[in-house]
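Biologist: I'm a first-year student, and I'd love a close look at a single part of this model. Could you pick a spot and walk me through what lies around it?

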Amino acid sequence: MADLPSTLAQMKGRWMIGGSAAEAAPAPWKMAVAGDDAPDLAMLTIAAQAMQVALRPTPGSHPDLLPSLPHLALPVLPDAHRAAFRRVIDGTRMHEGFRDALLQFIAGRGYVVHPLDHMPRDSGKVPEVYAPWLDWKKSNTASPETTLTDDNWAHWRPADRAVALARIRRSDPSAARRLLETNASDLPAEARFRAVQVLAEGLSPDDADYLDTLTKDRSSKIQVFATQLLSRLGAPIESAEATAELSDFFATGKQGLLKRRVTVTPTKIKTDAQRRRRHVLMGQVSLTSLSQALGLRAEDLVVAWGGSDPALTQDFVEMVALTGNDAACGLLAKRCDRSDMLSPTRLAPLAARLAATDRKTLLPTILKAAETSLTGVQAWAQGMLGTLPAKVLTGTDAFKDLQTRAAPSKDGTAKPADPILDAGLFTLGLLLDRDGAEAVRTTFVRAGMSPADPALTLLALNAALTPSGDRP
Amino acid sequence: MSLTAEKITALAPDQASLKAANKLTSASKWPVLAKGETLVWGECQGSGANPYRTVFDREDHGYKCTCPSRKFPCKHALALMWMYVEDPGPFADGAVPDWVTDWLSRRRPSQGDAAPQTTAGKSLAAARRADPETPPDPEAEARKEAAAAKRAAATQASLDGAIGDVDAWMQDQLRTGFGTFLAEAPERCRTIAARLVDGKAQALASRLDELPATLLTLKGEARLDALIQELGQIVLIGRAWRSNPTDPELHRLVATAETRESVLQNPEAPRHRAVWDVVGEQVSTRRDGLVSQATWLMTVGDSAPRFAQLLDFFPASLGKQSSPFIVGEQFEAEVAYYPARVPIRAILAERKSTDRRQGWPTPDAPPLTAYISALEQAPWLSSVPVLLPKGRLGPSGDTLWWVAQDGDLCLPVSNDPPDHVAGMTLDAAVGLWSGREMTLLSAQTGWGRVTFDG
C-alpha cells in the first residue's frame, strides 16, 4: 500500500457521492472483508482505523512560535493570594479603572499579577512594570535590557520606550528631551504621541522651543498636546478673537465689604447654541489667556471662579488641568468641598497634575469632601494605594455611611445588594495599609457583614499581602 | 444565629431527607470535614464518580452541595449540619478552599433563612430510628431472580435488534452518500438515536445523537474524516458486542454503565492506588438534556503516568454545578476502574489528602505510543489521554498546533487558549488525542499550571 492518503481519498470520494468504495480499496483490505455479510461496513471500519492510526495531520507550514512572554521586574503574586485576586478582579468587570487601580495597589506591594489570572490592557494607566507585556502583546517582541540611547532607540518597543523615557525625564529632563528631538520624528503617530507625553512631567521653559516644533507636528493629537504644554508655560495658544468671545461669557465683580474679593461668574445664557459655543471655546482657550482677558492672573481666576453650572465647572476644571500651571492646579484642588460643583470626583482630572506630596497634603480635604462615596478619592491617592492608615479614613462621613449600609436590617430581612457599599469597601481595600485593612475588615464584620462576604475580599487580600521585599 | 438540631429539622424539605441524611452522618463517609470562621465544609462520596462537596454557613445557614439533588437542602447538606451540631470535634480548622470561596462569590445572602421553615411532620429522632427488618422470603427472592433473568434476556434481544437497526441505517448512509448525510446529519442522527433508545442501546444512541454537533465544529475535509472515524467505530462496537454480548466494556459502550456499587464489588475491576493530580475537567451539555462532567486524573511521581476519568451525568435543568475538584489538586486515592481492555473510566474507591506535592512523571516514550498501543487493544476508543513532553503552541494557517521542542512532532490543537499562552513553554502537557486533533487539558509551564478549556 504505497500511498494510503490517495487510496483513502478515492474511497472517501466514493462514499461522499454514495455507493461502495470496495473498488478503490487496496487488495489486502478487499481480502479482509471477503465473505463478510456487510463488506461495505467492514471496509468503513478498516478505513476509519487506518485514518486514526496510520495518518496524522501535518501543518501547511511550520507553526509560528512566538518569543517567550517576558518575566517582569517584580515577582508574581504568591500562589496563596492568587485565588483572592481572581475573585476581586472578577468583581471589577464593570469598570476598567478599578482594574488599573487594583494593579497599581498590587505593584505598590511589590508584585505583578499572574498572566493567567489577568493580562492587563493598555489603558494608559497600567503600572509601568507591565510595559514588557503590553509590548509583547502588540508585537510579540521584547525590548533590549539596556539604557535607552540614540543608538538603540529603534530597538525598543513603544510601551517599554515610554517607560524608559519617563525614567530619564525624572532624573534628567533635558536628556529625555534631547532623545525625543533626535529620534521621535521617525516614529509612527501613535508611538510618537506616547513618547512625547513624557514632556508633561518636569515641564520647564527649556522645553518651549521643542514644544514649538511639535505644534507643527503632522499629528493633530500631538499639536494639541504641545499647545497645552506651552500654555502651561504661559504662552497664548489660541486666537485673540476666541479668547475675547469666551471672556464675554463671564462677568467679573467684587464681593465683601472689607476685603472686596474678586468674583467671576458666567453671564446668563439665552440659547442652547450659546451654551454649545461656550463649551467649544472652553476647550480651545487656555487658562492664561482667559484670565488675561478678564484682567486677572491665572491663580486669581481659579480662586474667583464661581457659578452653579456643573457642566461649565467641569469644562473649567479640564481647562485648568490641561493648560493651567502647577500653582493653578493646586489652588483649584484646594477648593474641593462637598458641593456638587467641586467634589473630589469632579476635580479628579487635576489629581494627575499634582505631585504625590501635594496630593498627600490635600488628602484630608478630599476625604472630608467625599461625603457619601470614596470612589472619587482613588484618583487622589495614586502612588499612595495600600499605604493609608485606618485613622485617616475611619473618621470620614463616607466611612460612617458605609458602616450604616453594612448593618443588618432592623426587621431581620435580607438586604438587597448594595453597589455603593461594595464599591466603598473595594476602595477602602485599595487605599488602606495592611493593619488598616484588617482593622476595617473586622469593623465591618462586627457591623453585621459575613466575614466571607465577597465585598470584603480585597480588604482580606490587602491585610494578608506582605510586601514582596519583606518576604523571607 | 447559631445552628441547632431544631433549625436543621426546620430546614429539611421533608422527613425522607432527614432519614437519608441520617445514613450519611458517619465520619467514615466524609473523607474531608473542616471548618473556618463561619463556614463548615466537607466532601462526601455519593453515588457519582466524583465526590460531592458540601458547605454551609453557621451564621445564616446558607448551604451548597455539588450533588444533583432537587431537594434543598439535600441530604448531604443536612448530614453535614447534623454532624457538626452533634460533635464539631472531627471538623479540622482549615483555610477556606477555592471551591468554597467560589460559592461565596456567587451566593445570595441568607439563602438558608429564605427556605420555608417548619418542623411539622419532621423529626431527627424519628430519622435516626432504624427501619424494622423484614425476614427474608425465599419465594419472593426466587421470583425476583426469575424476573431479573427474564428482563436480561429481553434486554439482550432488544439490544440485538438495535444493533441490527444501526447496521441497516449505516448501510443506508453509505448508499445515499455522506455528502447528503452531512447536509442532513441532525435529522438523520436524531431518528436513529430515538430508535436505539427504544432498543435500550442508550450509549450508542447518545454517541450518534452527539455526532452532528461534533461535525459542526469541524471544517472541510476534517468533517468527513471525523464522520468516517465515528461511524467506523460504531460499526466496530456493534460487531464486537455481537461476538461477546456479556463483555462488560462492550455492554457499557452499547447500553449503560454499571453502577458504582457493582464496580466496587467486582473483583475483576482493576484498582490502582497512587497520588493523583487533577489534570483537567470537561463539562458539556448533551442533546439529551444531560450534562456530562468528566474529571481527568493522572498519577504523579517517578513511574509512568496512568490516567483515570471520573465521569458523572446530571440533568442540565439543575443549572451550573460546581467543579468537584480544582485542577492542580493532588490527593492519594485508590481508584477502581470500570473493567475494560484499556481501563480509563473509574471511580474513587478511597481517598485521602496528601501533604507533599509531587511532580508530573517524565514521558519515557514518544507521545503517541500510548495512543497506538491503546487502539491496538480497544480500537473503538475515540480519544486517549497522553502526556506530552516539552513543547510550544503556535499557529499555522487558522489552526493552533502543539510543537514538540525537538520539532519532530506537530499536533493540531482543538482548544482556543488566550494568546499569551503561546508565549509560554509547555514543560509538559496532558491532552486527549483523537487521531485527528489534541484537546489539551492542562500543562506545566514556568508560570505555573495552565488549564485549557475543553
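Modeller: Let's begin at K200(B). Is K200(B) buried or exposed? With 20 other C-beta atoms within 10 Å, K200(B) is buried, because 20 is enough to meet the cut-off for that word. Please keep in mind that this is a predicted model. You will find K200(B) in the loop between α8 and α9 of chain B. Its backbone deserves a look too: K200(B) is not a glycine, and yet its phi is positive, at about 70°. Most residues other than glycine have a negative phi.

Now for the two helices on either side of that loop. Helix α8 of chain B covers residues 178-198, and helix α9 of chain B covers residues 202-216. Two packed helices are described by the angle between their axes and the distance between the axes. For α8(B) and α9(B), the axes come within 8 Å and cross at roughly 170°. That angle is over 145°, so α8(B) is roughly antiparallel to α9(B). The crossing of the pair α8(B) and α9(B) is left-handed.

Which residues make the contact between α8(B) and α9(B)? From α8(B) come L182(B), A185(B), P186(B), C189(B), R190(B), I192(B), A193(B), L196(B) and V197(B). From α9(B) come Q202(B), L204(B), A205(B), L208(B), D209(B), L211(B), P212(B) and L215(B). Sorted by class, this contact of α8(B) with α9(B) has 14 nonpolar residues, one polar residue and two charged residues.

Follow the chain a little further and you reach another helix, α10 of chain B, residues 221-243. The axes of α9(B) and α10(B) come within 10 Å and cross at roughly 175°. This angle is also over 145°, and therefore α9(B) and α10(B) are roughly antiparallel to each other. On the α9(B) side you can pick out L204(B), R207(B), L208(B), L211(B), T214(B) and L215(B). They meet R223(B), A226(B), L227(B), E230(B), I234(B) and I237(B) in α10(B). The residues of the contact of α9(B) with α10(B) divide into eight nonpolar, one polar and three charged. Try finding L204(B) in your view: L204(B) takes part in the contact with α8(B), and L204(B) also belongs to the contact with α10(B).

With the helices in place, let's turn to other parts of chain B. One open sheet has five strands in the order β4-β3-β2-β1-β5 of chain B, with mixed pairing. Its edge strands are β4 and β5 (92-93) of chain B, each of which pairs on one side only. Helix α3(B) packs on this sheet, touching β2, β3 (52-57) and β4 of chain B, and its direction makes about 55° with that of β3(B). Inside the sheet, β1 (residues 32-35) and β2 (residues 39-44) of chain B pair in the antiparallel sense over four bridges. There, K35(B) stands opposite V40(B) in β2(B).

You met an unusual phi at K200(B); here is a backbone feature of another kind. A cis peptide bond joins F72(B) and P73(B), with omega about -5°. Most peptide bonds are trans. P73(B) sits in the loop between β4 (63-65) and α3 (75-86) of chain B.

Chain B also has a closed barrel of five strands, which runs β6-β7-β8-β10-β9 with mixed pairing. Its twist averages 50° from one strand to the next. Strand β10(B) shows both kinds of pairing. Strand β8 (residues 307-315) and β10 (residues 345-353) of chain B run parallel and are joined by two bridges, with A346(B) in β10(B) as the bridge partner of L310(B). Strand β9 (residues 330-337) of chain B instead pairs with β10(B) in the antiparallel sense, over seven bridges. Here A333(B) stands opposite R351(B), and F331(B) has S353(B) as its bridge partner.

Finally, compare K200(B) with another loop residue, S383(B). S383(B) is found between α13 (369-377) and β11 (384-388) of chain B. With 18 other C-beta atoms within 10 Å, S383(B) is partly exposed, whereas K200(B) is buried. Leaving aside neighbours within four places in sequence, S383(B) is in contact with L432(B), W433(B) and S434(B).

How values were computed. Residues are numbered from 1 along each chain as its sequence is written. Chains are lettered from A and ligands numbered from 1 in the order in which they are written. This is a predicted model: local features need pLDDT of at least 70, side-chain atom pairs count only at pLDDT 80 or more; totals for chains, interfaces and linings use all residues. Axes are lines fitted to C-alpha atoms, for helices over the stretch in contact, and angles run from 0 to 180 degrees between N-to-C directions. Angles under 35 degrees count as roughly parallel, over 145 as roughly antiparallel, 65 to 115 as roughly perpendicular and the rest as oblique. A crossing is left-handed if the near helix is turned anticlockwise from the far one by less than a right angle, and right-handed if clockwise. Two residues are in contact if their C-beta atoms, placed from the backbone, lie within 7 Å. Ala, Val, Leu, Ile, Met, Phe, Trp, Tyr, Cys and Pro count as nonpolar, Asp, Glu, Lys and Arg as charged, and the others, Gly among them, as polar. A residue is buried if 20 or more other C-beta atoms lie within 10 Å of its own, exposed if 12 or fewer, and partly exposed in between; C-beta atoms are placed from the backbone. Two strands pair if DSSP finds at least two bridges between them.
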